[in-house]
Structures are given as C-alpha cells and as structure tokens.
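Load the model in your viewer and set it to show secondary structure with side chains available on demand. The stops below go from one selection to the next.

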Amino acid sequence: MEKWTYEKAGVSVEAGYDAVKRMKAHAARTRIPGVLEGLGSFGGLFELPKGYDEPVLVSGTDSVGSKVQIAFEMDIHNTIGIDCVAMCVNDIICMGAKPLFFLDYIGIGGLDPEKAELIVQGVSEGCIQSGCALIGGETCEMPDIYKPGEYDLVGFAVGVAEKSNIVTGKEIAEGDTIIGVASSGMHSNGFTLVRKLAEHNAISYDQHIDELGATLGKTLLTPTKLYAKMVEKLMSKHEIKGMANITGGGWVENIPRMLAADDLKIRASKENAPVPQIFGLIQKWGNVDEIEMYSTFNMGIGFTLCVETDDAEAVVETIKSTGEQAYSIGIVEKRAKGERDIVIV
C-alpha cells in the first residue's frame, strides 16, 4: 500500500518551520512597551498601557484585496504587507485610537519561506510606521485552495482610546471644514477595475508608462500611506471632530461616514487637491464617468478630517509638519430631507 505524508499531499512542515524562524526576526523589530511574549506562543500577549482612566479597545480587520495579483505578476512581495497594516490601522485611528498591536493571516498555495519572509517584512515595516507591534499571526498552506505562487493577506489591528476622547462625529456642525490629506496613489482599493482595464487595453504591468515615469506595476504597488502618527500628533494639539479613511467606495461612501447627524451633508471640492496621474489614465483607459471615479478610488486623498473652520489653517500646518500634504476640500452644510450626504463639485 502506498505511503502518504503531509508533504506528499502538498504541505511542507519543514518549510513552515523555516518560515516561522524568518518571521520572528521581523516581528522583533516591532516590539514596543506592552508586548509580553514574542512570536510563537499560542496567543499574543499585550498589556494595556497605563495612563488611561477608561481605556476602550478599538479593533479593525481588512485584507489587501486583489492588489496581491499585481504583486504576483511583478514578483514583488516586500511592500504588500505595508498595505495590509494600513488597511486596518487607518480605519481604527478614525475613532481616535492609538494602534497597539497587529496580527496577520497568510493563506498560501505552496509555502516558500523566502516569499513568506518578504511578506512579513512588509507587515513589520507597516507596524513600525504606525507605532504598533506585530504579536502574532497565521500562515496556512492550502495547495488545493490557492494556485502555486499565490496567496491572500489579511490583517487585524487593535488600538486603545480614552473613552471620553473617542472621535464619534457627534460634535460636527454646519460650517465646519473638511481637510483632505494626500494619498500615495491607489492605496489598496479599486484594483479589480484597474486589472480589468489593463487587460482590456493589453497593457502589461512591466510596461513603462511615460506619464507615470515608471512601469504600471511598480506604480500600482506603491504602498498605502499610514496616518497613525499624524493623527496622534493632531489629537494632542487640536480638536478633531471627525475622521474618515478613504478606502473602497472613494469619496462618495467614506467621507460622509464621519457624520453622526442625519441633517448634515458635506460639500466637497475636487478642485482643491491635485489628482495623481494614475487616476487620469484609469479614467481614460475605461472611459469611466467622473462620479464613478470618485465612488471607487481615493483620487489623491487618502484620509480626511473635520475641524472647526477657525482651526483649519493651524491643523493643515500641523499635518504638514508630519511630512504629509493637506488641503481644505470641503465644508459641512445643512441637509434637507431626501438630499445626498455628500455633494462633489
């Protein structure tokens, strides 16, 4: 009778051991006060930081989506982990949370320890950029689910906020200003449409695009910006009434999410912030309507804040002091029954 092993079925236990050893070094780079155990235990331990009267944990989970397909095509895997951290962390900071720790999940066809290490290298870099620790994760080899060389990447972030300082949007009022903070490009949304348009127009990812000054693939793989340290500085100096991470759904879905009241709307101006060239090309390649673009992509604005108009100029200067670019892109107005919660002009 034929003898079978786990490896013969397609799962290499030895490769798993090697991958974990490689990952541990990158996780160690992210260690911050509060981490009680290193990678490898059955659970990640993190002690709540002192100095909070009523600490509230804020959590979020997300994936990189089909952006991983570009990583496969370009065989570039050391930045996609940054996107994974950003997709989660940029959500929880909208509530005013300080990121504490992060966990990842890699579902992969055939486990290549070197490739897995590159993915986690990016995750650790994202954690360092946002000031949190990588305290655990899971790498699951499933050759019957994923094609050889392909994987999925999912993350989970936890932060903490003082209960009285949680940003809820309830203080937003008519006349407040909306500030937009520049994105690094596509971030991690709308890639299903972009991939279809590249295929439809017979554009390869390793093709140099003159308007971009780079290949399409490298432009698309530009990592998502992490805004955690910027938000921490802003909240220490200013009253921030609302925040929104501009992810899937673009301006149309995400900017109004900061509003708590049904009788308010946001009038946003697309003229006040520069739009990266990649979005113009996407629109041209697919003859995409402008409202569809603003309903799908960040269009150059990766994060938004709502502040009192009298404080808006000072907030913009604080944002710029962190190395980011910011623009006044809108105002809060009264909303009549039946009106949309955002108008883009």
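This tour of a predicted model visits a sheet, a helix, the nonpolar cores and a cavity.

**The sheet**

Start by selecting the strands β1, β4, β2 and β3. Taken in that order they form an open sheet of 4 strands, and the pairing is mixed. Now colour β1 (55–63) and β3 (133–141): both are edge strands with a single partner each, so one side of each has no neighbour in the sheet. Looking across the strands, the twist averages 15 degrees from one to the next.

Zoom in on β2 (residues 98–108) and β3. These two strands run parallel and are joined by 8 bridges. Label Tyr105, which stands opposite Glu138 of β3. Add helix α4 (residues 113–130), which packs on the sheet and touches β2, β3 and β4 (151–162). The direction of α4 makes about 165 degrees with that of β2.

**Helix α2**

Next select residues 67–74, helix α2. Of its 8 residues, 6 are buried, so the helix is largely enclosed by the rest of the structure. Which residues of α2 are buried? They are Lys67, Val68, Ile70, Ala71, Phe72 and Met74. To see what covers them, show α3, β4, α5 (191–200), β7 (214–215) and α6 (216–220), which are among the covering elements. Step just past the end of α2 to Asp75, where phi is positive, at about 55 degrees.

**The nonpolar cores**

Nonpolar side chains tend to be buried together in soluble globular proteins. The largest nonpolar core here has 96 residues, and Phe102, Leu216 and Phe303 touch the most other members. Helix α3 (residues 80–92) supplies the largest share of this core, with 8 residues.

Centre on Leu216 and display its contacts. Leaving aside residues up to four places away in sequence, Leu216 touches Ala198, Ile203, Ser204, Tyr205, Gln207, Ile209, Ile278 and Trp285. Then move to a second, separate core of 8 residues, whose members include Phe46, Leu100, Phe101 and Val158.

**The cavity**

How many cavities of 30 Å³ or more does the structure hold? There is 1, and the largest cavity has a volume of about 40 Å³. Select Ala86, Met87, Asn90, His187, Thr224, Asn245, Ile246 and Thr247 to show the residues that line the largest cavity. Helix α3 appears again at this stop: the largest share of the lining, 3 residues, comes from α3.

Methods:
Residues are numbered from 1 along each chain as its sequence is written. This is a predicted model: local features need pLDDT of at least 70, side-chain atom pairs count only at pLDDT 80 or more; totals for chains, interfaces and linings use all residues. Side-chain values use heavy atoms; hydrogens and water are left out. A nonpolar core is a set of buried Ala, Val, Leu, Ile, Met, Phe, Trp, Tyr and Cys residues joined through side-chain atoms within 4.5 Å. Buried means under 20% relative accessible area, exposed over 50%, partly exposed in between (1.4 Å probe, protein chains only). Contact means heavy atoms within 4.5 Å. Two strands pair if DSSP finds at least two bridges between them. Axes are lines fitted to C-alpha atoms, for helices over the stretch in contact, and angles run from 0 to 180 degrees between N-to-C directions. On a 1 Å grid over the protein atoms alone, a cavity is a set of points where a 1.4 Å probe fits but cannot get out, and a pocket is an open set with protein on both sides within 12 Å along at least five of seven lines; lining residues have an atom within 4 Å of a point. Grid points are joined across faces, edges and corners, and a volume is the space filled by probe spheres set on the points.
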